[in-house]
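Visitor: Please pick one part of this model and take me through it slowly. I would like to know how that part is put together, and then what lies elsewhere in the chain.

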Amino acid sequence: MKTPFHLMLIPTLRCPAKCAYCWSSEHQGPMMDLETVRAATAWIAALNDSPVTVTFHGGEPLLAGPEFYEAALPMIEEGLASRTVAFAMQSNLWLLDDRLATVLAAHNVPIGTSLDGPPELNDSQRGTGYFERTRAGMEVAARHEIPVSVICTFTAGSVKEKDAIVRFFLENGYVMKLHPALPSLRDSRPDAYALAPEEYGELLVYLLDQYLAHLGSLRVMNIDDIVKGVLVRRGTVCTFADCLGSTYAVGPDGGIYPCYRFVGMDEWRMGNVRDAPTQAELESTEAWRRLAAFREYVDEHCRDCRHIRYCRGGCPYNALAPTGGEVAGVDPHCVAYRRIYDEVADRLNAEMFGEGGMEAMIAGRRRGGKPGIMNLMQQMVSR
Ligand code: SF4
Ligand code: SF4
């Protein structure tokens, strides 16, 4: 089976929102044109023949407008017609209207949007009026039957409201994807919103318990990915897999980067799609060398960790961006990953090899009256 490949297209870094903890967006800056999309497609077509997911990210990708997507989506499909192509988008949905929704629905583009909880809490972090504008966009998406999942960013402040946040997701039936707020590289107070790794670990265990307590009504995508990783013994999302060479991002001007998180950082640029760099040329860049050094560091540093196969040292951006590219450690969220992976692996072992384990697994019943990891797995398989 070929390795799935991920291309992130960043039409612009501009964004009309003003989220307090944002580390990537701008209020001005260039917009990708269709020639760049054409060149990006031709570059990928020559680079490999893997199935590909193309994700539109930002900034705010809907700022590119309907004409862009009406031309870009079929252009990519035609240019990569010899392989399986899937699309995705990350957007605050403020600009989603019927015309945009029609083209996104026609090309099966699921959307991840962002709400941090109930209106007051969300707007205290993301700015006044954010909640209502995103909710209006979600209604447009629903009319066009576009699947929407909801990224919830937990900050040092909002984590104290975690019960209210879970209630909000339960009441609305939203699928949750959790993001821990990262230290900002641009802010004079980089840790003002960042979620400490220890708190992040406890939050993940809390969400696991909430997920199990509300099995069938609540879904937390991060927990699914963590459980799946423990089960199949390899990471199934980029954070817990080796993303080097299986993910690239293309910025508004055609610049190539290892991931959307690096877009706009000159020291992480790997070339331009108009020059169609070969695999060998990509591997000769400084950005590749740094990420390869991180991979080697993980092999050594995490060698004795029981979770290395499905954690892989976490996200290289988290590890390398704050140090200017120098490999000084693994992802600082290691503490959190270890906490949740220990919890899932230990509970799974107890369920499988404890009293009546296999029998309970085969019968699919709840042990001790409470759902466990195996019940969660059954739920995942039946989706
Ligand atoms: S750098 Fe981090 S966010 Fe980007 S693809 Fe790699 S693991 Fe994912
Ligand atoms: S949990 Fe920490 S030590 Fe273990 S593999 Fe992940 S980053 Fe490395």
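**A close look at the sheet**

Guide: Start with one pair of residues: Leu 9 stands opposite Val 250, which belongs to β7. Keep in mind that this is a predicted model. Leu 9 sits in strand β1, which spans residues 5-9. The pair is part of a longer match, since β1 and strand β7 (residues 247-250) run parallel and share 4 bridges. Strand β2 is also joined to β1, again in the parallel sense, by 5 bridges. One pair of that match is His 6, which has Thr 53 of β2 opposite.

How much of β1 is covered? Of its 5 residues, 4 are buried, so the strand is mostly covered. Leu 9 also has contacts with residues that are not its neighbours in sequence. With those within four places set aside, Leu 9 is in contact with Ala 40, Val 54, Phe 56 and Val 250. Val 250 has thus come up twice, as the residue opposite Leu 9 and as one of its contacts. Leu 9 and Val 250 also appear together in the largest nonpolar core, which has 95 residues. They are among the members that touch the most others, a group that also holds Ile 10, Ala 249, Tyr 257, Cys 259 and Ile 340.

Now step back to the whole sheet. It is open, has 8 strands and follows the order β6-β5-β4-β3-β2-β1-β7-β8, with mixed pairing. Its edge strands, β6 (176-180) and β8 (256-257), each pair on one side only. As a rule for any regular strand, side chains point by turns to one face of the sheet and then to the other.

Follow the order towards the β6 edge. Strand β4 (residues 111-114) pairs with β5 in the parallel sense over 4 bridges. Thr 113 has Val 150 of β5 as its bridge partner. Strand β5 covers residues 148-154 and pairs with β6, also in the parallel sense, over 5 bridges. Here Val 150 turns up again, with Met 176 in β6 as its bridge partner. Further along, Cys 152 has Leu 178 of β6 opposite. How does the chain get from β5 to β6? Helix α6 (residues 162-172) joins with β5 and β6 in a right-handed β-α-β unit.

Some loops hold backbone details that a student may want to check. In general, most peptide bonds are trans, and most residues other than glycine have a negative phi. The peptide bond from Gly 58 to Gly 59 is cis, with omega near 10°. Gly 59 lies in the loop between β2 (52-56) and α2 (66-79). Glu 145, in the loop between α5 (130-143) and β5, has a positive phi of about 55° although it is not a glycine. Glu 145 counts as exposed because it has 8 C-beta neighbours inside 10 Å.

Arg 312 also has a positive phi, near 55°, and is not a glycine. Its place is the loop between α11 and α12 (316-320). Is Arg 312 buried or exposed? It counts as buried, because 26 C-beta neighbours lie inside 10 Å.

Ala 287, in helix α10 (residues 286-301), also counts as buried, because it has 22 C-beta neighbours inside 10 Å. Apart from neighbours within four places in sequence, Ala 287 is in contact with Pro 258, Trp 268, Arg 269 and Met 270. Gly 325 is 38 residues from Ala 287 in sequence, with 8.2 Å between their C-alpha atoms.

Two ligands complete the tour. The residues around ligand 1 include Cys 238, Cys 243, Thr 247, Cys 259 and Cys 315. Thr 247 falls within β7, residues 247-250, and Cys 259 was listed with the core. The shell of ligand 1 has 6 nonpolar, 2 polar and 1 charged residues. Around ligand 2 the residues include Cys 302, Cys 305, His 307, Cys 311 and Cys 334. Its shell takes at least two residues from each of α11 (308-311) and α13 (334-353). The most come from α13, with 3 residues. By type, the shell of ligand 2 has 7 nonpolar, 3 polar and 2 charged residues.

Technical notes: Residues are numbered from 1 along each chain as its sequence is written. Chains are lettered from A and ligands numbered from 1 in the order in which they are written. This is a predicted model: local features need pLDDT of at least 70, side-chain atom pairs count only at pLDDT 80 or more; totals for chains, interfaces and linings use all residues. A residue is near a molecule or strand if its C-beta atom, placed from the backbone, lies within 6 Å of it. Ala, Val, Leu, Ile, Met, Phe, Trp, Tyr, Cys and Pro count as nonpolar, Asp, Glu, Lys and Arg as charged, and the others, Gly among them, as polar. Two strands pair if DSSP finds at least two bridges between them. A residue is buried if 20 or more other C-beta atoms lie within 10 Å of its own, exposed if 12 or fewer, and partly exposed in between; C-beta atoms are placed from the backbone. Two residues are in contact if their C-beta atoms, placed from the backbone, lie within 7 Å. A crossover is right-handed if, with the strands pointing away from the viewer, the path from the first strand over the helix to the second runs clockwise. A nonpolar core is a set of buried Ala, Val, Leu, Ile, Met, Phe, Trp, Tyr and Cys residues joined through C-beta atoms within 7 Å.
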